[in-house]
Amino acid sequence: MTDYFEVLARDGAARIGELRLSDPLTTPALVDDVIEDAGSLWASDRNLPEGSEDVLTVLPHRAFPAGTHEPVQESFAVEYPDVDYPSAAVVTPETAADYGADAYVLSNAPGFVGHASAFRDAVVDAKAALPADAALMLSGVATPGNVASLAYAGVDLVDAKKARVRGLRGMYLTTEGEHFLEDLEELPCACPACQVPREEFDEEACARHNENVLRAELATVRRRIRDGRLRDYVEGQARHDVWTTAAFREFDKEYGYLERHTPVLRDAELTAASEDTLSRVEIQRFAERVTARYRNRFDNPLVLVPCSATKPYSESQSHGQFHDAIQWRGHLASMTSPIGVVPQELELTYPAQHYDAVVTGEWSEDEKAFVAEVLRRYLERNDYPRVIAHVPDEGYRDICERVAADVGVPFEFTVADHPTTTESLGNLDAALSGELKYSKREREHNTVRAVADYQFGDGAGDALFEEIRTTGRYPKLQVRDADGEQLAALVRRYGVLSFTLAGARRWVESDAPTKRVEIDGFVPHGSVLAPGVVDADADIRVGDEVVIEGPKAFAVGRAEMSGPEMVSSTRGVASEVRHVEET
């Protein structure tokens with residue numbers, strides 16, 4: 001049981017936590033001043049230390065070098081005792097388990113940090129075996145240049161050993177790399193250690209500088225995690241070193257690991273500044289749901305248009321012109337990098353209205369290939385009589401022509417020069433001549449069902465909302481049953497549905513996939529804490545709508561932890577509660 005560490009916020013695998021010592025420490029952080037090592041059992045037997053709430057005590061341990069065979073590790077494994085003070089256990093990816101400690105030190109970190117795939121495997125394997133609410137520590141590896149990548153991978157605690165040693169050897173570290181101290185004509189830093197004349201700046205001052213920069217970089221990392229924007233930072237920061245670049249790309253290959261920890265919605269803007277953005281969980285998840293869950297319910301032709309800088313797209317000037325020409329005679333979908341294809345019903349849904357992309361007018365081959373694959377899968381799943389591609393030449397038309405050759409639906413191109421010229425808009429209007437308009441009621445109902453498909457699973461829209469009424473004005477729609485009772489509301493901020501208790505009961509009784517949290521015999525008010533969770537569906541992610549059920553209560557709310565974290569954590573808020581009734 002973790003008594004002295006609690007996770008307070010999450011950004012993918014990265015976390016803000018609190019190590020609850022006498023003087024609490026916010027993580028990710030340096031622990032040099034608050035850690036005591038009880039020593040290695042290889043040298044001699046060790047007495048169990050008395051410990052203190054002032055420090056994190058590393059219990060007597062045996063560390064194993066890289067490549068040690070598992071039978072050897074098992075033979076010399078340490079059974080860590082339960083103690084009543086903040087404690088850390090030393091483990092390897094092979095020996096990692098729940099020993100009841102508050103933190104776990106992954107041994108031989110210098111043996112795998114610097115090797116991208118080995119680093120990925122070590123962290124992913126260890127995290128799978130360790131408690132979700134325990135801190136992970138790597139010792140002797142952190143530098144100002146790599147600590148953001150370490151935190152991104154899921155590391156909570158580091159020390160300044162490497163940074164100090166490098167300084168004592170005359171290496172001046174920055175967030176961009178390292179420099180020989182003797183090559184520096186001036187000191188490019190304003191930390192206290194650097195506030196001396198250059199000729200007085202020696203190796204000891206260099207070591208202090210390195211630790212100062214590492215500590216400052218950790219503060220930046222914590223700020224980025226709180227803002228939900230660490231990935232944006234790492235994409236740029238990692239570019240300064242080939243290893244850190246390789247490391248976050250290796251983690252991108254571990255989609256399952258990152259996806260389990262990545263919220264399904266958040267306020268932070270997603271910055272698409274490099275082609276690595278295409279590999280982000282948020283992008284891949286949206287593309288997968290659009291092509292595997294979303295179902296077109298209109299009989300009209302599909303009209304493909306370019307995206308806009310303004311979000312949501314429908315509020316932009318260009319899309320206003322497109323709507324004036326289309327007049328609800330075609331089903332609108334936007335093409336964009338890095339999102340892919342965005343049906344109009346999902347224009348609010350995270351991250352479709354939460355991203356900003358670098359616009360140069362040119363598409364890379366990777367961008368073309370990604371968007372083309374999404375469009376291809378989208379058209380293979382959805383039936384349209386024809387496709388009207390109202391797109392410019394730059395990238396968009398090339399993508400459409402690639403896909404048109406592979407799918408059995410005719411494409412018609414309507415842009416003469418630019419999508420918003422009078423001639424092009426006239427061509428779009430003419431291409432839809434004779435098509436019947438769909439009604440406001442039809443598009444509102446289809447929007448609700450499309451969001452339900454995306455949010456809850458394939459077929460959920462029809463299972464939940466076959467007979468409904470909608471009230472309010474888009475995008476603030478309320479969903480009601482035939483008798484007028486409200487079932488759900490469309491949340492403009494995230495483009496998802498939030499249930500009332502009546503809607504939650506319909507969800508439970510329907511064939512739609514339901515995400516349940518089972519709690520103990522109490523009535524939650526405001527939130528459900530992890531210790532009160534008996535069980536939870538493994539596919540629950542942070543931000544998911546969840547039904548909360550127990551012997552004394554039925555409630556609905558939004559998850560603050562993933563399902564597995566709810567079950568294994570002993571601290572923290574598992575789910576917020578929106579509505580509850582005593583049963």
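# A guided tour of the predicted model

Asparagine 108 is partly exposed, with a relative accessible area of 27%. The model on screen is a predicted one, and this residue serves as the starting point of the tour. Asparagine 108 sits in the loop that runs between strand S8 (103-106) and helix H2 (109-112). Display its backbone: phi is positive, at about 60°, although the residue is not a glycine.

**Stop 1: the N-terminal sheet**

Select residues 5-11, strand S1, and colour strand S3 (25-27) with it; these are the edge strands of an open sheet, each pairing on one side only. The sheet has three strands in the order S1-S2-S3, with antiparallel pairing. From one strand to the next, the twist averages 20°.

Now add strand S2 (residues 14-19), which is joined to S1 by six bridges in an antiparallel arrangement. Two pairs help to fix the register: glutamate 6 stands opposite glutamate 18 in S2, and valine 7 has glycine 17 as its bridge partner. S1 and S2 form a hairpin with two residues between them, and glycine 12 in the turn has a positive phi of about 65°. A surface view of S1 shows a mostly covered strand, with five of its seven residues buried.

**Stop 2: helices H5, H6 and H7**

Select helix H5 (residues 161-168) together with helix H6 (residues 203-227). Their axes lie 7 Å apart and the packing angle is about 150°. The two helices are therefore roughly antiparallel to each other, and their crossing is right-handed. To see the contact, show Ala163, Arg164, Arg166, Gly167 and Leu168 of H5 against Glu203, Glu204, Cys206, Ala207, Arg208, Asn210, Glu211 and Leu214 of H6. The residues of this contact comprise five nonpolar, two polar and six charged.

Follow H6 onward and add helix H7 (residues 230-237). H6 and H7 pack at about 135°, with axes 8 Å apart, an arrangement that makes H6 oblique to H7. On the H6 side, select Glu217, Thr220, Val221, Arg224 and Ile225; they meet Leu230, Asp232, Tyr233 and Gln237 in H7. By class, four residues of the contact of H6 with H7 are nonpolar, two are polar and three are charged.

**Stop 3: the enclosed strand S15**

Before the strand itself, select glutamine 327, in the loop between helix H11 (317-326) and S15. Its phi is positive, about 55°, although glutamine 327 is not a glycine. With a relative accessibility of 29%, glutamine 327 counts as partly exposed.

Next select residues 331-336. How many of the six residues of strand S15 are buried? Six of the six are, so S15 is largely enclosed by the rest of the structure. In a regular strand, side chains alternate between the two faces of the sheet. Here both faces are covered: His331, Ala333 and Met335 are buried on one side, and Leu332, Ser334 and Thr336 on the other. Add strand S14 (residues 302-306), which pairs with S15 in the parallel sense over five bridges; valine 305 stands opposite serine 334 in S15.

From leucine 332, draw a distance to aspartate 406: the C-alpha atoms are 21 Å apart, and the residues are separated by 74 residues along the chain. Aspartate 406 belongs to the loop between helix H13 (393-404) and strand S19 (411-413). Aspartate 406 is partly exposed, at 48% relative accessible area.

**Stop 4: two cis peptide bonds**

Zoom in on tyrosine 350 and proline 351, which are joined by a cis peptide bond with omega of about 5°. Proline 351 lies in the loop between strand S16 (340-343) and strand S17 (355-357). Then move to the bond from tyrosine 474 to proline 475, which is cis with omega near 10°. Proline 475 is in the loop between strand S20 (469-473) and strand S21 (476-480).

**Stop 5: the six-stranded sheet**

The last selection is an open sheet of six strands with mixed pairing, in the order S25-S29-S28-S27-S24-S26. Its edges are strand S25 (527-529) and strand S26 (533-536), each of which pairs on one side only. Neighbouring strands are turned against each other by 35° on average, direction ignored. At one end of the order, strand S24 (residues 516-519) and S26 pair in the antiparallel sense over three bridges, with isoleucine 519 opposite valine 533 in S26. Finally, show helix H17 (residues 501-509), which packs on the sheet and touches S24, strand S27 (545-550), strand S28 (553-559) and strand S29 (573-582); the direction of H17 makes about 95° with that of S28.

Technical notes:
Residues are numbered from 1 along each chain as its sequence is written. This is a predicted model: local features need pLDDT of at least 70, side-chain atom pairs count only at pLDDT 80 or more; totals for chains, interfaces and linings use all residues. Side-chain values use heavy atoms; hydrogens and water are left out. Axes are lines fitted to C-alpha atoms, for helices over the stretch in contact, and angles run from 0 to 180 degrees between N-to-C directions. Helices (H or I, at least four residues) and strands (E, at least two) are DSSP runs, numbered from the N terminus. Angles under 35 degrees count as roughly parallel, over 145 as roughly antiparallel, 65 to 115 as roughly perpendicular and the rest as oblique. A crossing is left-handed if the near helix is turned anticlockwise from the far one by less than a right angle, and right-handed if clockwise. Contact means heavy atoms within 4.5 Å. Ala, Val, Leu, Ile, Met, Phe, Trp, Tyr, Cys and Pro count as nonpolar, Asp, Glu, Lys and Arg as charged, and the others, Gly among them, as polar. Two strands pair if DSSP finds at least two bridges between them. Buried means under 20% relative accessible area, exposed over 50%, partly exposed in between (1.4 Å probe, protein chains only).
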